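Open the model in your viewer and keep the selection box handy. We will go from stop to stop, and at each one you can look at what is there.

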Amino acid sequence: MGRQILLGDEAVALGAVHAGLSAGYSYPGTPASEIMEFLVRLAAERKDFAAAWSVNEKVAYEEALGVSYAGKRALVSFKHVGLNVAADPFMNSALTGANGGLIVVSADDPGMHSSQNEQDSRYYAQFAQVFCFEPADHQEAYDMTREAYDVSERFGLPVLLRLVTRLSHSRSSVETREPRGQNELRPGDRANWTLLPVNARRRFGLLLDRQPEMARFSEASPFNVLRLNEEDRSLGVIAAGVGYNYFREACGTDKALPSFLKVSTYPLPEELVRKLVDHVETVMVIED
């Protein structure tokens, strides 16, 4: 498809469209607002998918979840405190499951540039026991969004995509790929969506059953990168998200990089972490 210069938010939005998005919903909040602004403009041009602002984050989440129940691919986006507002449907959707791919984008704001607090949305993914991606750059924001839809449909669960301000609001070139078509309508079993205790207990058991496979999938993800320096075992670096960029920038062009693990998916790839920890004397963790 070619290269485009995009904000991190725009890379996510375009990745969703190219993954076959049928509908996107959001409530405005920096640093996530540009995702829906981009989708609204593109939807007006293309007229083949829906994009709309909602009255709050909970409603936005429920609208996107309804699209997923119908078998279509959907996206909901908000800032980190918006996930608090949407926490009820988010937690319950881990039990009801997703039918069409459902991506939940939470743009965190480390440093509180435009927010009343700091939160780490990865804890929400751990709490709900769903898969999470954390891109390090704009290309990964695009690629991970496309991949996240396949992961969501593979496990039948929503997938959380965690952004941070410095990625959402910076620009870089992104190599785009051929778009795929939208899903056909394929409504699932409505009993799964009604969380009466008898259904909730059954669905919770299925959620627990998925955990080992999600852990194995995370371990094998090509977005996680482990490099061991056999010559110098004094230091190992674990870097997540944009923290990986800070690590590479600090090292400059030095070819003798210390051992490092780039973490991009959750559940945490524990076996990769163990390999790094066992290989070095000291471990430094870099996150944003």
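A residue counts as buried when its relative accessible area is under 20%. Keep that cut-off in mind as you look around this predicted model.

**Stop one: aromatic rings**

A search of the whole structure turns up eleven aromatic pairs. Start by selecting F131 and F217, whose rings meet edge-to-face, with 5.7 Å between the centres and 75° between the planes. Which parts of the chain does this pair link? F131 sits in strand 6 (residues 131-133) and F217 in helix 9 (residues 197-220), 86 residues apart.

Are these two residues buried or exposed? F131 has a relative accessible area of 1%, so it is buried. F217 comes out at 18%, and because the limit is 20%, F217 is buried as well.

Now add F133, F155 and F223 to your selection: ring pairs link these with F131 and F217 into a cluster.

**Stop two: Y244 and its surroundings**

Next, select Y244 and F260, both of them buried, at 14% for Y244 and 5% for F260. Their rings form a tilted pair, 5.8 Å from centre to centre with 45° between the planes. Y244 belongs to helix 10 (residues 243-251) and F260 to strand 11 (residues 259-263), with their positions 16 residues apart in the numbering. Show K262 too: K262 lies over the face of Y244, at 5.8 Å from the ring centre.

**Stop three: the sheet**

Switch to a cartoon view and find the open sheet of four strands, in the order 9-11-10-13, with mixed pairing. Strand 9 (225-227) and strand 13 (282-286) each have a single partner strand, so they stand at the edges with one side lacking a neighbour in the sheet. From one strand to the next, the twist averages 10°.

Zoom in on strands 9 and 11, which run antiparallel and are joined by three bridges. Here V225 stands opposite K262 of strand 11. Then bring helix 10 back into view: helix 10 lies across strand 10 (235-240), strand 11 and strand 13, and runs at about 140° to strand 10.

**Stop four: N183**

Finally, select N183, in the loop between strand 8 (171-176) and helix 9. N183 has 6% relative accessibility and therefore counts as buried. Its side chain makes a polar contact of 2.5 Å with the side chain of R180. Leaving aside residues up to four places away in sequence, N183 touches G71, K72, R73, G100 and E153.

Definitions and conventions
Residues numbered from 1 in each chain as written. Predicted model: local features only at pLDDT ≥ 70, side-chain atom pairs only at ≥ 80, totals over all residues. Heavy atoms only, no water. Phe/Tyr/Trp six-rings, centres within 6.5 Å; stacked < 30°, edge-to-face > 60°. Helix = DSSP H or I, 4+ residues; strand = E, 2+ residues; numbered from the N terminus. Buried < 20%, exposed > 50% of the residue type's maximum accessible area, 1.4 Å probe, protein only. Lys NZ or Arg CZ within 6 Å of the ring centre and 35° of its normal. Polar contact = N/O pair within 3.5 Å; in protein donor to acceptor, adjacent residues only side chain to side chain. Contact = heavy atoms within 4.5 Å. Pairing = 2+ DSSP bridges. Axes fitted to C-alpha atoms, helices over the stretch in contact; angles between N-to-C directions.
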